[in-house]
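Student: I would like to learn how the words used for a protein model follow from their definitions. Could we go through a few of them together?

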Amino acid sequence: MSLKKTEKIWHNGKLINWDDAQIHVVAHVVSYGSAVFEGIRCYKTLQGSAIFRLREHMERLRNSAHIYRMDFPFSIDDTCQAALDLVRANHMDACYIRPIVLRGYGDAGVNPYSSPIDVYMACWDWGRYLGEEAIKSGVDVCVSSWNRSAPNTLPQMSKAAANYMNSQLIRMEAMVNGYVEGIALDVNGYVSEGSGENVFLVHRGKVITPPLSSCVLPGITRDTMMELCNEMGIPVSEQIIPREMLYVADEVFFAGTAVEVTPVRSIDKIKVGNGGRGPITKKLQDEFYALTGGTKEDRHGWLTPVSAPATAGVR
């Protein structure tokens with residue numbers, strides 16, 4: 001899926017032209033991957049365009065930067081407002097928003113402290129990450145030969161650019177072997193997550209997802225799924241998941257900003273459940289899309305209208 005550019009990008013407090021958003025080839029981020037970022041969706045709802053869980057995403061962005069000792073130069077309110085301004089400036093009804101905090105042109109060594117902090121934010125049209133049909137039919141995935149990073153190597157609670165070199169290996173390996181996506185195990189051999197999404201299993205009517213100690217990103221959509229399960233009376237828990245449990249689960253699905261809620265129909269060519277979207281996955285999908293589409297009341301304050309101030313739609 002090729003990226004279609006929009007008109008404006010937000011950079012350090014100002015809207016600039018898309019083609020003017022450039023960094024130097026020896027900027028610290030290019031050699032050392034010193035950036036943290038977010039992925040946020042703006043939905044076209046019945047009430048108008050709205051950004052999903054905007055503040056929580058910006059808080060995670062700030063936390064990711066904090067872990068890497070990057071001084072976040074804007075307040076949460078500032079970045080939330082920037083996202084709203086950006087969507088309006090680009091006249092988008094629905095889009096994907098990508099804020100990036102990076103270390104720019106300064107020192108050429110590993111020590112990052114003398115490199116300036118730059119904040120960019122772009123948005124573009126991005127449909128179904130794993131394909132439109134995947135939402136209904138599910139996807140075929142494999143267990144990757146690449147593990148997620150061990151604890152005390154790269155912090156997985158930070159959505160850092162460097163972590164996604166590991167994600168690229170997982171995704172490329174899956175694709176060249178004929179799968180849509182890969183699921184990584186943690187350093188102890190337990191289920192961790194996909195290359196860019198959290199994993200959920202349904203077993204005997206209970207929804208299970210790996211704990212943060214299994215080197216998973218604390219996903220915003222992950223949290224959404226757990227909240228919806230609690231509301232809908234579906235038992236949900238975090239627990240360590242052995243690899244073989246993937247094969248005997250009744251249902252498996254991915255959750256993330258890009259994939260939203262996508263069922264898995266096979267793993268390592270072993271059929272999951274009935275080989276398609278299971279009933280609990282569909283129930284969660286229906287509730288999620290009803291909320292993000294505006295056909296159900298935004299009872300959580302998860303949607304920030306693009307036409308509203310940044311403090312709107314916050315719990």
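Student: Which element gives the largest share of the lining of the largest cavity?

Tutor: That share, 3 residues, comes from E4, where a strand (E) is a DSSP run of at least two residues, a helix (H or I) is one of at least four, and both are numbered from the N terminus. This is a predicted model, in which local features need pLDDT of at least 70 and side-chain atom pairs count only at pLDDT 80 or more, while totals for chains, interfaces and linings use all residues. Residues are numbered from 1 along each chain as its sequence is written, and side-chain values use heavy atoms, with hydrogens and water left out.

Student: What makes a space a cavity and not a pocket?

Tutor: On a 1 Å grid over the protein atoms alone, a cavity is a set of points where a 1.4 Å probe fits but cannot get out, whereas a pocket is an open set with protein on both sides within 12 Å along at least five of seven lines; lining residues have an atom within 4 Å of a point. The largest cavity has a volume of about 50 Å³, and about 50 Å³ is the space filled by probe spheres set on its points, which are joined across faces, edges and corners. Its lining includes Ile40, Arg41, Tyr43 and Glu260.

Student: Why is the pair Arg41 and Glu260 called a salt bridge?

Tutor: A salt bridge needs a side-chain nitrogen of Lys or Arg within 4 Å of a carboxyl oxygen of Asp or Glu. Arg41 and Glu260 have an N to O distance of 4.0 Å, so the pair meets the rule. Arg41 in strand E4 and Glu260 in strand E15 are 219 residues apart, so that distant parts of the chain are linked.

Student: Why is Arg41 called buried?

Tutor: Buried means under 20% relative accessible area, exposed means over 50%, and partly exposed lies in between (1.4 Å probe, protein chains only). Arg41 has 7%, and therefore counts as buried; Glu260, at 2%, is buried as well.

Student: What makes Asp77 partly exposed?

Tutor: Asp77 has 33% relative accessibility, and so it falls in the class between buried and exposed.

Student: How do you know that Asp77 forms a salt bridge with Arg55?

Tutor: Their closest N and O atoms are 2.6 Å apart, so the rule is met. Asp77 lies in helix H3 and Arg55 in helix H2, so the pair ties together parts that are 22 residues apart in sequence.
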